[in-house]
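Me: I would like to learn how to read a model like this one, feature by feature. Where should I start?

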Amino acid sequence: MKNTTEFSEKPFSKALMIPSEDIAAAEQKRRTVIDEKAMKRIASEALRQVDGILGFEGNLADVIKSGGHDDLLGLAVDIADDGKVSVAAKIITEYGKNIPQIVSYAKIHLAQAVESLSGLTLDNFEVEVADTMTRDEYRAKNTKAH
């Protein structure tokens, strides 16, 4: 059966029955702030998913900046007012894997993660390959450190 009742001349959002222009006005007023720590977490998780990246390398200054979060070491993030994100990472790659290919895929994967999870745009991605080692060497190093 067709619903012929009309509530107004304005087009409505079917899910909430809110006039479309009210939704547009609300979108303009809405402001979401994403903290750099949250963006570091997004970057960390996205980059750890890239085949060939074993982890990150940080130093004492990174430990202090990260608030003691080991998984965020070796990452620096800047979020500009225009929503553009810059990420710098000091990565440890897996020995025997093609480093330029790893970095290329990392940039693509990171850009997708930043956009899909935050709605922001990855503008700049700087990589320093701090070390390259086998998975066994990396595990042994991290087992001793913890």
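**Reading the model**

Reply: Start with a single residue: Ala88 is part of strand β5. The model is predicted.

Me: Is Ala88 buried, partly exposed or exposed?

Reply: Burial is read from the relative accessible area, and under 20% counts as buried. Ala88 is partly exposed because its relative accessibility is 28%.

Me: What does Ala88 touch beyond its neighbours in sequence?

Reply: Leaving out residues up to four places away in sequence, Ala88 touches Gly74, Leu75, Ala76 and Glu126. A C-alpha distance gives another view: Ala88 and Val77 are 6.5 Å apart in space and 11 residues apart in sequence.

Me: Which strand holds Glu94, and is Glu94 buried or exposed?

Reply: Glu94 also lies in strand β5. Glu94 counts as buried because its relative accessible area is 14%, and the cut-off is under 20%. Beyond four places in sequence, Glu94 is in contact with Asp51, Gly52, Leu54, Thr132, Met133 and Arg135.

Me: Where does Lys97 lie?

Reply: Lys97 sits in the loop between β5 and α4. With a relative accessible area of 32%, Lys97 is partly exposed. Its contacts beyond four places in sequence are Asp51, Gly52 and Ile102. Lys97 and Met133 are 36 residues apart in sequence, with 9.9 Å between their C-alpha atoms.

Me: Now a helix. How many residues does α2 have, and what does it reach from end to end?

Reply: Compare the span with the expected one. Helix α2, residues 36-48, has 13 residues and reaches 18 Å from its first C-alpha to its last, close to the 18 Å expected at 1.5 Å a residue. At its N-terminal end, Asp35 acts as a cap, with a side-chain oxygen 2.9 Å from the backbone nitrogen of Lys37.

Me: Which residues of α2 are buried, and what do they pack against?

Reply: The buried ones are Met39, Lys40, Ile42, Ala43, Ser44, Ala46 and Leu47. They pack against β3 (53-56), β4 (75-79), β5 (84-94), α4 (99-118) and β6 (121-133).

Me: How many residues are in the largest nonpolar core?

Reply: In soluble globular proteins, nonpolar side chains tend to be buried together. Here the largest nonpolar core has 22 residues, and those with the most contacts inside it are Leu47, Val85, Val87, Leu110 and Phe125. Two or more residues each come from α2, β3, β4, β5, α4 and β6. Leaving aside neighbours within four places in sequence, the residues in contact with Val85 include Met39, Val77, Ile79, Val114 and Leu122.

Me: What pattern does the whole chain follow?

Reply: Count the elements, then read their order. There are 5 helices and 6 strands, in the order β-β-α-α-β-α-β-β-α-β-α. Buried residues make up 29% of the 146 residues. Of the contacts between residues at least 6 apart in sequence, 67% join residues at least 24 apart. The chain exposes about 10,000 Å², of which carbon and sulfur atoms supply 51%.

Me: Which element has the lowest mean pLDDT, and which the highest?

Reply: Where pLDDT is low, the predicted coordinates should not be read in detail. The mean pLDDT of the chain is 81, and 68% of its residues reach 70 or more. Strand β1 (residues 12-13) has the lowest mean among the elements, 44, and α4 has the highest, 97. The pLDDT is below 50 over residues 1-13, a stretch with 15 contacts in the model beyond near neighbours in sequence.

Note on methods. Residues are numbered from 1 along each chain as its sequence is written. This is a predicted model: local features need pLDDT of at least 70, side-chain atom pairs count only at pLDDT 80 or more; totals for chains, interfaces and linings use all residues. Side-chain values use heavy atoms; hydrogens and water are left out. Helices (H or I, at least four residues) and strands (E, at least two) are DSSP runs, numbered from the N terminus. The expected span of a helix is 1.5 Å times one less than its number of residues. Buried means under 20% relative accessible area, exposed over 50%, partly exposed in between (1.4 Å probe, protein chains only). Contact means heavy atoms within 4.5 Å. A polar contact is a pair of N or O atoms within 3.5 Å; within protein, one must be able to donate a hydrogen and the other to accept it, and residues adjacent in sequence count only if both atoms are side-chain atoms. A nonpolar core is a set of buried Ala, Val, Leu, Ile, Met, Phe, Trp, Tyr and Cys residues joined through side-chain atoms within 4.5 Å. Accessible areas come from the Shrake-Rupley method with a 1.4 Å probe; for residues, only the protein chains shown count as cover. pLDDT is the predictor's confidence in each residue, from 0 to 100.
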